[in-house]
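Here is a small set of exercises to help you find your way around a new structure. Have a look at the model first, then try each task before reading its solution.

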Amino acid sequence: MAEHHKYIIIGAGPGGLQMGYFLGRNDRDYLILERSADAGSSFKRYPVHRKMISINKKYNFFEEDDFNWRHDWNSLLSDDPEMRFTKYTDDLFPYADDYCRYLSDFAGKLALQIRYGTEVTQISRPQGDLFKISTATGDEFTCQVLLLALGAAEPQVPGEIEGIELATLYEDQTLDLDAYRNKRVGIIGQGNSAFETADYLGGVAAIVNILAKSPIRFAWETHYVGDLRAINNNVFDMYQLKALNAVLNPRLKKIERTEAGTLVTTHEYDYPTSPVPGTLQLTREYDVVISCCGWRFVPQRLFAPEILPETWHNGKYPQLTSRWESANVQNLYFIGGSMVGNDRKSASGFIHGYRYNIRVLSDLLEERYEGVAYPKTVMETFDWDAIADHVYQRCSISAALFQLYGTLCDVIVVDKGGRTTIMRELPVARVGEMDFGDAHVFTLTLEFGFHHYSESSIKFLGPSDPNRPDCAAFLHPVIRYRRGAVRDEFHFGDSLLARWDRPHGTGGAVMSYHGGFQRWLCGKVGVAVEAGEGQGENGHAGNGHLAGPFRPWTPEEIAAWAEREKAAESEKVTCHNSLRTAEAPHA
């Protein structure tokens with residue numbers, strides 16, 4: 001007879017452990033199934049070269065615990081202050097072996113309910129209500145709610161490249177450097193696993209070429225931590241300084257093996273804006289080709305056909321609702337790294353982001369399956385100071401809003417009588433689906449604003465224009481308003497330390513926007529701001545215009561700047577890069 005639990009989690013990696021912790025804290029009937037003999041087994045294999053790219057920043061000057069979680073990207077949430085990964089190593093970029101030890105300790109010390117040595121072979125729902133989970137040992141389990149925490153479940157292989165089977169997969173590459181000494185290595189991919197591999201081989205291989213399907217996206221440019229991190233980009237230095245290694249953007253068509261045992265690639269480059277538009281076809285010989293094309297997050301082989309989850313991006317990501325439930329399989333949730341399925345902007349696919357998503361999901365599960373209302377704070381009357389304190393405290397300290405910028409939000413709902421309800425850390429998409437009737441609804445998020453600009457973010461080496469907070473480039477608070485069809489928003493300027501404390505000036509913001517914010521928010525709900533109120537903390541109107549430390553230029557200074565701009569524009573550019581290779585659909 002099958003063993004039944006209301007909640008079953010498959011996978012005892014960080015996502016599974018985090019959800020197990022919250023289910024256990026809520027005293028729910030759950031079980032984690034793990035095929036290996038210990039928690040976090042994937043970190044015993046990945047990353048292959050062992051150094052992680054998740055920040056372990058222990059010292060941050062400010063004392064608030066939640067603020068310090070912003071810079072601890074590896075710890076899992078719990079009520080035990082000893083269960084912080086920052087206690088395990090001083091390395092800013094830690095080694096995976098230390099993380100394995102941490103996850104094992106987390107599972108054991110917090111007594112999580114884990115069945116080790118249990119490999120799931122099939123997931124079905126034969127009776128339409130309960131999931132049935134079959135295992136390699138013949139044991140069977142059933143559950144009402146299934147939470148899949150398998151993370152990177154299987155490698156993404158670019159099957160449209162003829163001969164791709166001749167490439168070595170990232171996870172199968174040997175770490176014996178003698179195997180690459182004075183060899184020519186081609187690496188297919190454009191993410192961190194490809195560049196991590198190039199960095200590892202850079203000192204021994206004769207030539208390392210990264211063959212990327214599309215232009216490289218840098219994390220410092222996109223602010224998405226899954227894009228290329230600076231710690232892995234040494235090969236760019238070598239390429240631009242002509243040290244034989246290179247980063248190329250061809251359309252890779254074919255890999256063939258020669259009689260000598262080497263591998264030859266056939267690839268193309270497009271030049272659509274050349275005086276003679278066309279395609280350049282080349283071949284290049286390598287001793288080794290390694291495929292580092294990422295992973296799929298949905299192990300389709302496990303699911304019975306009738307409950308196969310829908311996916312997107314060529315099957316890589318699960319199609320999810322705003323509460324991380326499968327779009328087509330009710331009561332099936334994806335947690336951990338697969339939460340990237342509905343957030344490719346902030347950190348949902350990474351530990352420092354999905355630990356907060358999982359905390360939110362645990363509250364949503366309580367609401368849906370246990371009849372426990374989502375946590376909220378209620379004030380019977382409108383209290384501007386209390387609302388302002390909440391906003392300043394949350395945008396200055398909250399790690400969840402910080403890491404899941406534009407993805408999670410706090411919600412402030414003010415009804416016609418002034419009764420105010422505050423809910424923390426709801427998915428922005430979920431709030432958009434909720435009906436608040438005729439109430440005034442405010443959402444608080446932290447967001448970047450670089451999409452307003454054409455310049456590279458690396459050119460922003462100081463505060464954004466304090467007189468245009470709506471154009472703030474770095475992470476900054478955005479308060480949005482809706483009531484019926486009415487929409488509006490208020491922006492604070494950015495802050496070097498990502499804090500907007502009261503009193504102004506203690507957290508790194510260059511200007512105070514307090515007065516303008518008070519007038520804006522109170523005006524929305526029809527609360528009058530008396531004379532003397534709605535002023536900035538240093539007496540000005542609080543909208544940043546001609547105020548505080550900002551000094552307007554004299555006419556002479558403006559004229560001098562215009563002359564410099566005119567001279568710069570007169571410099572002629574005679575050549576343009578016409579290489580625009582069409583993106584292939586792999587990886």
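The exercises below each take up one part of this predicted model.

**Exercise 1. Compare the end-to-end reach of helix α11 with the expected value, and decide how far the helix is covered.**

Step 1. Helix α11 covers residues 514–525, which makes 12 residues.
Step 2. From the first C-alpha to the last, α11 reaches 17 Å, close to the 16 Å expected at 1.5 Å a residue.
Step 3. Now look for the buried residues, using the cut-off of under 20% relative accessible area. In α11 they are His-514, Gly-515, Gly-516, Phe-517, Gln-518, Trp-520, Leu-521, Cys-522 and Val-525.
Step 4. Nine of the 12 residues are therefore buried, so α11 is largely enclosed by the rest of the structure.
Step 5. What lies over these buried residues? The cover includes helix α8 (384–397) and the strands β21 (408–414), β23 (440–447), β24 (476–483) and β25 (486–491).
Step 6. Just past the end of α11, Gly-526 has a positive phi of about 80 degrees.

**Exercise 2. Starting from strand β24, trace its pairing with β23 and with β25.**

Step 1. Take β23 and β24: they run antiparallel and are joined by seven bridges. One pair to find here is Phe-442 with its bridge partner Tyr-481 in β24.
Step 2. Turn to β25, which pairs with β24 over six bridges, in the antiparallel sense. Here Tyr-481 has Asp-488 in β25 as its bridge partner.
Step 3. Look at the hairpin of β24 and β25, which has two residues between the strands. Gly-484 in this hairpin has a positive phi near 60 degrees.
Step 4. Finally, check the cover: six of the eight residues of β24 are buried, so the strand is mostly covered.

**Exercise 3. Work out the strand order of the open sheet that contains β9 and β10, and name its edges.**

Step 1. Five strands make up this open sheet, in the order β8-β15-β9-β10-β11, and their pairing is parallel.
Step 2. The edge strands are β8 (168–169) and β11, as each of them pairs on one side only.
Step 3. Zoom in on β9 (residues 184–188) and β10 (residues 207–211): five bridges join these parallel strands. Among the pairs is Arg-184, whose bridge partner in β10 is Ile-207.

**Exercise 4. Does the span of helix α7 agree or disagree with the expected value?**

Step 1. Helix α7 runs over residues 351–369 and has 19 residues.
Step 2. At 1.5 Å a residue these should span 27 Å; the end C-alpha atoms are 26 Å apart, which agrees.
Step 3. As for cover, 15 of the 19 residues of α7 are buried, which makes the helix mostly covered.
Step 4. After α7 comes Gly-371, with a positive phi near 75 degrees.

**Exercise 5. Find what is unusual in the backbone at His-223, Lys-242 and Pro-47.**

Step 1. Begin with the background: most residues other than glycine have a negative phi, and most peptide bonds are trans.
Step 2. His-223, in the loop between α5 and α6, has a positive phi near 65 degrees. With a relative accessibility of 17%, His-223 counts as buried.
Step 3. Lys-242 sits in the loop between α6 and β11 (246–248), and its phi is also positive, near 55 degrees. Lys-242 is exposed, because its relative accessible area is 68% and the cut-off is over 50%.
Step 4. Between Tyr-46 and Pro-47 the peptide bond is cis, with omega near -10 degrees. Pro-47 belongs to the loop between β2 (30–33) and α2 (65–69).

**Exercise 6. Is Asn-233 buried or exposed, and which residues does it touch?**

Step 1. Locate Asn-233 in the loop between α5 (219–222) and α6 (234–240).
Step 2. Its relative accessibility is 18%, so Asn-233 counts as buried.
Step 3. Leaving aside neighbours within four places in sequence, Asn-233 is in contact with Phe-195, Phe-218, Trp-220 and Leu-228.

**Exercise 7. Which residues make the nonpolar surface patch of about 330 Å²?**

Step 1. The patch is made by Trp-553, Ile-558 and Trp-561.
Step 2. Ile-558 is part of helix α12 (residues 555–569).
Step 3. With a relative accessible area of 45%, Ile-558 is partly exposed.

How values were computed: Residues are numbered from 1 along each chain as its sequence is written. This is a predicted model: local features need pLDDT of at least 70, side-chain atom pairs count only at pLDDT 80 or more; totals for chains, interfaces and linings use all residues. Side-chain values use heavy atoms; hydrogens and water are left out. Patches are made of residues with over 30% relative accessible area and no salt bridge: like charges are joined within 9 Å, nonpolar side chains (Val, Leu, Ile, Met, Phe, Trp, Tyr) within 5 Å. Accessible areas come from the Shrake-Rupley method with a 1.4 Å probe; for residues, only the protein chains shown count as cover. A salt bridge is a side-chain nitrogen of Lys or Arg within 4 Å of a carboxyl oxygen of Asp or Glu. Helices (H or I, at least four residues) and strands (E, at least two) are DSSP runs, numbered from the N terminus. Buried means under 20% relative accessible area, exposed over 50%, partly exposed in between (1.4 Å probe, protein chains only). The expected span of a helix is 1.5 Å times one less than its number of residues. Contact means heavy atoms within 4.5 Å. Two strands pair if DSSP finds at least two bridges between them.
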